[in-house]
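Reader: Hello! I am new to this structure and would love a close look at the empty spaces enclosed inside it. Could you walk me through them?

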Amino acid sequence: MLTRYYTYSQFENYFGSVVKSLNGSILKNLEIGQSVLKRSVYGLKIGSGKIKVLAWSQMHGNESTTTRAICELLASDDLFQIIKNIELYIIPVLNPDGADAWTRVNANKVDLNRDAVSLSQPESILLQKVFDDFKPDYCFNLHGQRSIYGSEDGIMPAQVSFLAPAGDERKLFKRARTQSMSIINDIHKKLGKEVSGIIGRYNDDFNINCVGDFMMSKDVPTILFEAGHSGFDYSRDEATLLLTKALKIAITSVSNISFDKESTWTNYKAIPKMSANYVDILIKNYKATSGNQSLSIRYHEQVKDSCLYFVPVLIGINRKEVLNGHRVIDLEQDQHFKNDLIVTGDLEIYSESLNIKIFAN
């Protein structure tokens with residue numbers, strides 16, 4: 001099993017064992033290109049159905065949940081039943097250098113999800129080549145979102161989220177986009193009762209430099225999958241399970257898609273929009289000389305010695321856009337606080353009595 005953070009060599013070992021259990025292939029036969037730092041990028045093609053689905057994960061190196069979900073999908077007992085009508089092409093980690101360093105960008109400090117037109121990076125060129133050669137009927141663009149998103153009213157966190165990207169500036173509802181919406185609606189319907197937060201809907205502002213928008217502009221139905229956060233799931237184990245189920249639903253839905261354009265759009269719009277209104281810890285009623293204050297704390301993720309650490313950082317005081325926290329502490333009601341809040345010069349914030357400290361995953 002893969003944890004939230006893993007070195008790329010750890011990924012290769014685990015993915016290699018999963019692949020070998022499927023068909024006896026070895027990784028060197030699956031290399032489709034290399035990253036900036038000459039790490040291997042792998043592509044796995046399974047199934048022989050008439051519908052082609054291309055899925056890629058971890059184009060942002062610090063978004064590993066969907067890669068773990070892909071591995072869980074491949075290890076599932078019902079895999080070949082799910083893909084019986086599908087030819088599935090998977091790139092499990094598009095950005096191995098970023099994955100190893102736990103950074104969003106690649107080794108040249110370029111965001112691959114803003115490189116769809118420029119194609120300035122070897123990883124971007126590789127994905128485009130696979131897209132051109134494979135000619136998918138559907139694309140699954142797999143990502144992970146930060147723990148800052150919730151419903152617009154701030155009541156519930158966004159544990160998983162989706163988007164049918166716009167394929168043009170006018171955000172027209174062409175057939176490809178409507179097909180993507182139909183699949184997302186199916187996921188929302190079947191997965192909705194299993195989330196502890198909400199299933200959210202991303203903003204659909206068009207950016208041709210984003211890979212999903214670019215592929216939708218080519219009239220290929222594309223779905224953005226986002227693994228989110230709820231509660232204390234900083235390991236993203238719960239999110240991995242949900243994304244595995246979402247992938248299975250989506251693949252099955254692709255095989256049986258049927259939709260009415262008007263009802264599809266109505267049901268898609270009914271999925272709650274998200275807003276960046278959450279923090280990891282929200283402290284209310286902290287007594288200061290200027291009066292009671294609300295303190296917003298976000299965990300900064302750092303990798304050291306192959307371990308992922310979460311460092312609490314004070315990001316603001318009385319921030320109006322912050323409506324909730326995954327942990328909320330009201331100091332007017334808390335009986336444990338011993339006035340031991342410490343803020344360092346780097347705005348790291350600690351309290352022994354409130355158990356606010358660095359922890360590892």
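Author: Happy to help; here is a walk through the cavities and what lines them. This is a predicted model, in which local features need pLDDT of at least 70 and side-chain atom pairs count only at pLDDT 80 or more, while totals for chains, interfaces and linings use all residues. Residues are numbered from 1 along each chain as its sequence is written, and side-chain values use heavy atoms, with hydrogens and water left out.

Let us begin with the idea itself. Rolling a probe the size of a water molecule over the atoms shows where empty space is left. A cavity here is a set of points, on a 1 Å grid over the protein atoms alone, where a 1.4 Å probe fits but cannot get out; its lining residues have an atom within 4 Å of a point. Grid points are joined across faces, edges and corners, and a volume is the space filled by probe spheres set on the points.

With that in hand, you will find two cavities of 30 Å³ or more in the structure. The largest cavity has a volume of about 60 Å³. Around the largest cavity sit L112, D115, A116, L119, S124, L127, Q128, V211, F214 and M215. Two helices, α5 (122–134) and α7 (211–217), each give at least two residues to this lining; helices (H or I, at least four residues) and strands (E, at least two) are DSSP runs, numbered from the N terminus. Sorted by class, the lining of the largest cavity holds seven nonpolar residues, two polar and one charged. For these classes, Ala, Val, Leu, Ile, Met, Phe, Trp, Tyr, Cys and Pro count as nonpolar, Asp, Glu, Lys and Arg as charged, and the others, Gly among them, as polar.

Now move to the second largest cavity, which holds about 40 Å³ of space. Its lining is made up of A55, I70, L73, L88, I90, F140, L142, L247 and I251. Two or more of these residues come from each of α2 (65–74), β5 (86–91), β6 (138–144) and α8 (237–255). By class, the lining of the second largest cavity has nine nonpolar residues, with no polar and no charged ones.

One last stop is a single residue, A158, in strand β8 (residues 158–163). At 1% relative accessibility, A158 counts as buried, a word that means under 20% relative accessible area with a 1.4 Å probe, protein chains only. Leaving aside residues up to four places away in sequence, A158 touches Q145, Y149, G150, I198, G228, H229 and M274, where contact means heavy atoms within 4.5 Å.

Methods. On a 1 Å grid over the protein atoms alone, a cavity is a set of points where a 1.4 Å probe fits but cannot get out, and a pocket is an open set with protein on both sides within 12 Å along at least five of seven lines; lining residues have an atom within 4 Å of a point. Buried means under 20% relative accessible area, exposed over 50%, partly exposed in between (1.4 Å probe, protein chains only).
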